[in-house]
Structures are given as C-alpha cells and as structure tokens.
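Got your viewer open? Let's walk through this one stop by stop, with a selection to make at each.

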Amino acid sequence: MGRSDPLPSGEGHRPTIMMPHRGPQPEPPVIESAPDSGADFRPLRRDKGEMTHMARADLLKRLFRAHRDRDDDAFRSVADELVGNELKKRHVVLAKELREILRDDVRSGSYVPATTSHFDPVPYDPDRRIPLVTIRVPDRSFRDLVLATEIRSTLDRIGEEIRNREVLQAYGLHPVRTALFCGPPGCGKTATAEALSNHLGLPLLYVRFDSVVSSLLGETASNLRRVFDYASTGEWVVFFDEFDAVGRSRDDATEHGEIKRVLNAFLQLLDGFSGRSIVVAATNFEQVIDPALWRRFDEILRFDLPSAQSLSLAIEHKLRSLAPNQSTITSLVNQLEGRSFSDAERICVDIRKSCAIEGVGQITPSILRRALERQESRHSALSRSKHDAHPPRIDDR
Ligand SMILES: Nc1ncnc2c1ncn2[C@@H]1O[C@H](COP(=O)(O)OP(=O)(O)OP(=O)(O)O)[C@@H](O)[C@H]1O
Ligand SMILES: [Mg+2]
C-alpha cells in the first residue's frame, strides 16, 4: 500500500484500554553532562571496554568497504558495533540517535532484507516436521490503517519506550515487553502487529498456535520452549496469533492437564523471557483468557468493530486509486455497518478487480451494485453456516 496518504485516526471508534498498575518508580540517576555538549553526553572517560585507535581505524575501514560493496548486512554489522562502542563509553543519547537513524533506514525501505536467509534456521515441530514460526518483514504501515485514537497513542508510546530503551535502562526502567491485542475477527489485530513491526524496524516473528499445539502429550510445551529459545536469538516483534488455543482459562469446564501444563509453560517462558524483543499476543476470545495471563501483559489493546466514520475513512483509503465519490462511499458504509474492516477490504478489492477487468478508471453504478450484491450473498451464506461461536478446543486440533 502507498505510504503517501496518511489516514487520520478514526474518531468515535474508541476501545477501552486497560493499563496495568505499575509499581513505584526508582529515583532517576543524576546524569552529568560535558560543558559544551548539552545534556546528551556523560563526561568522557576511558573505560576498559573502550576501543583502541587501531580497532577504531579497522572498524571505519570495514564501514567504508561495506558502503563501496553495497553490502547492507556488513554495513549494519559494523554500524551495530559502533553503536555498541558508544554505549560502552556511556554515550547513551548518541547511541540512541545512531540506532534511530538505522531504524529510519529500515523504515524508509532502503534496508529491507531481500531474504530471511541471514536469520538462524527456524525451529520445527520434530514430530510433524512443520515450522513453528515464520519470519516476516511487513511493509504495512500505521498510515494504511484506521486506528482508534487510544490504540494509536498506545502504539506510539510503545515505540517511544523501545526507542529510548538505553535511556530508560540508565534510570533502572524497561520498555514495554508484552502486549495483548483482543477483539473480534477482521478488526486489525494482525495488521496492527505487522504495522508495529514496520514502525519499530524489527522483523515480525510470527507464531501460529495451530503449528505449536501438538497432539503429542507434552510436545506443545516443548514447542513453546523452542519458539522462545529461537526468539531470544534476536530482536523481534514476537507475535503469537490465535492465542486463545493456549490462553484458555484454567477454570474452564473443558480444562485438562495438557492445557494447564501448556499455560504454565507459557507463563514461565514469558516471565523468563528477556532480551530486546516485544511479545504481542492476539485473541478473539479474551473472555476465556485466564486472569493469570491478563496480568502478564504490560499493555492491553482492544480492537472493536469499526464505527461508520472509521469504515468511511478505510474505504476512502482502500479505493483511493479510483477516487470514489461521496455517494459511492455512503452506499458502501451503509451496507457494511456493523461489519469488520476485513469485510470492507474484501468489497474494495472486489470493486478494484471489476474496474481492472472492465478497463475503467472510475467506479460505475453497475460495478458498485454487483459488488454490494456479492458481499450480501456472501454475508448471508456465512450467517446461515455460523452455529459455533466457541473457540476451538485444544484437543480438537
Ligand atoms: N484498522 C484497520 N484499518 C484499515 N483496514 C484494516 C484495519 N484492520 C484490518 N483491516 C483490514 O482487514 C484485514 C484483516 O485484518 P486482520 O487480519 O488484522 O484482522 P484480525 O483482527 O487479525 O482478525 P482475526 O481475529 O480473524 O485474526 C486486513 O488485512 C486489512 O486489510
Ligand atoms: Mg489475525
């Protein structure tokens, strides 16, 4: 999607965001600053970890060679070393700014790994021989989404904390580590995790529960351990999708020993998980999530069904190449009211396809009418077949 058409946040589509209580904050340390460098730098001091002249010269040569050879991976590895050296010298703010520039590089698309081959091989379920995770470098951005004001500001805050990690650590504080996205299907949980990954300049480590959940006793917990072990090898947005498979309440009547074991393993792994990643879990069935799990999440974001205004903004954006008039947008919003962004996406794609096939640059009344009819017949077919609103049982898979 294009990045040049920022979408305003959807007013009137305001989910409740519950913020966990945070304990008392430690006193910030006093940061001394060099006389002529503003408050950014601590006084220069030769540390044990500080580089020699030779080592620095070597690093600079490697940096220049990487540029000459257009070798992005080599460039980033030297750049990371330089940032690390600034950190050792306690130039926290400079290190942060350098890292920011590198992230801008990722965000602007000038550094996008062509393949994911430079990551370690991903873990597999040993029995079924299927990968437990996939690595994605999404190009979806917040500007492609209509987000409620509260959601957008919480996401911005997460970004701010992660970008200021070193500053926070100097004060004995840590950035947000965990977030739970909940809400009905098609309302942007996965899309937002992708946009967050893009925003932070971190790859998305995508974990689907249907691959992690094994029918073999004890194997699910081992798979989870494999996923967390792998996650600790890098810096990611670790995204546990369809999280309800593991997050079901321990008081649930359908509970059995395996769920308990899996849940406890997940909680232990989540508590013990350190490193620079953020763990995001998404569920449609937050009402059955164990209270012990709710407490583990630093941020909880609720993605509700969109308001008419949010739908209108989303449709306008999704059809921007066809410059729809107001009456077309109103017809679509009227039809889609009470439905998800995903339904809006489907009907907009349908219209764009028809315009492409008919070779027209604008939405004709007949294209609109047929798209509305197709959407309606799909919706009534789905309503007729929908009889089970419960999450899949862990042992049904
Ligand atoms: N906030 C949004 N603004 C614009 N489009 C959106 C938004 N949220 C979702 N969409 C569209 O709907 C599609 C489906 O959304 P997504 O996969 O994120 O839903 P989900 O909440 O993860 O659903 P599920 O619970 O079924 O996994 C997206 O690919 C996107 O095109
Ligand atoms: Mg999803």
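Here is the tour, from the whole protein down to single residue pairs.

First, the ground rules. This is a predicted model, where local features need pLDDT of at least 70, side-chain atom pairs count only at pLDDT 80 or more, and totals for chains, interfaces and linings use all residues. Residues are numbered from 1 along each chain as its sequence is written, while chains are lettered from A and ligands numbered from 1 in the order in which they are written.

**Stop 1: everything.** Switch to cartoon and you'll have 14 helices and 8 strands (DSSP runs numbered from the N terminus: H or I of at least four residues for helices, E of at least two for strands). Of the 397 residues, 31% count as buried, meaning 20 or more other C-beta atoms, placed from the backbone, lie within 10 Å of the residue's own.

**Stop 2: β5.** Select residues 204–208. Why is this strand largely enclosed by the rest of the structure? Because 4 of its 5 residues are buried.

**Stop 3: the neighbours of β5.** Add β3 (residues 133–136), which runs antiparallel to β5 and is joined to it by 4 bridges; strands pair if DSSP finds at least two. Click T134 and its bridge partner in β5, Y206. Now add β6 (residues 237–241): 5 bridges join it to β5, and these two run parallel. Here, R208 has D241 as its bridge partner.

**Stop 4: ligand 1.** How many residues surround ligand 1? There are 17, and the closest are P185, G188, T190, A191 and F341 (a residue is near if its C-beta atom, placed from the backbone, lies within 6 Å). Colour α6 (189–200) and α13 (341–358) too, since each gives two or more residues to this shell.

Conventions: Buried ≥ 20, exposed ≤ 12 C-beta atoms within 10 Å, placed from the backbone.
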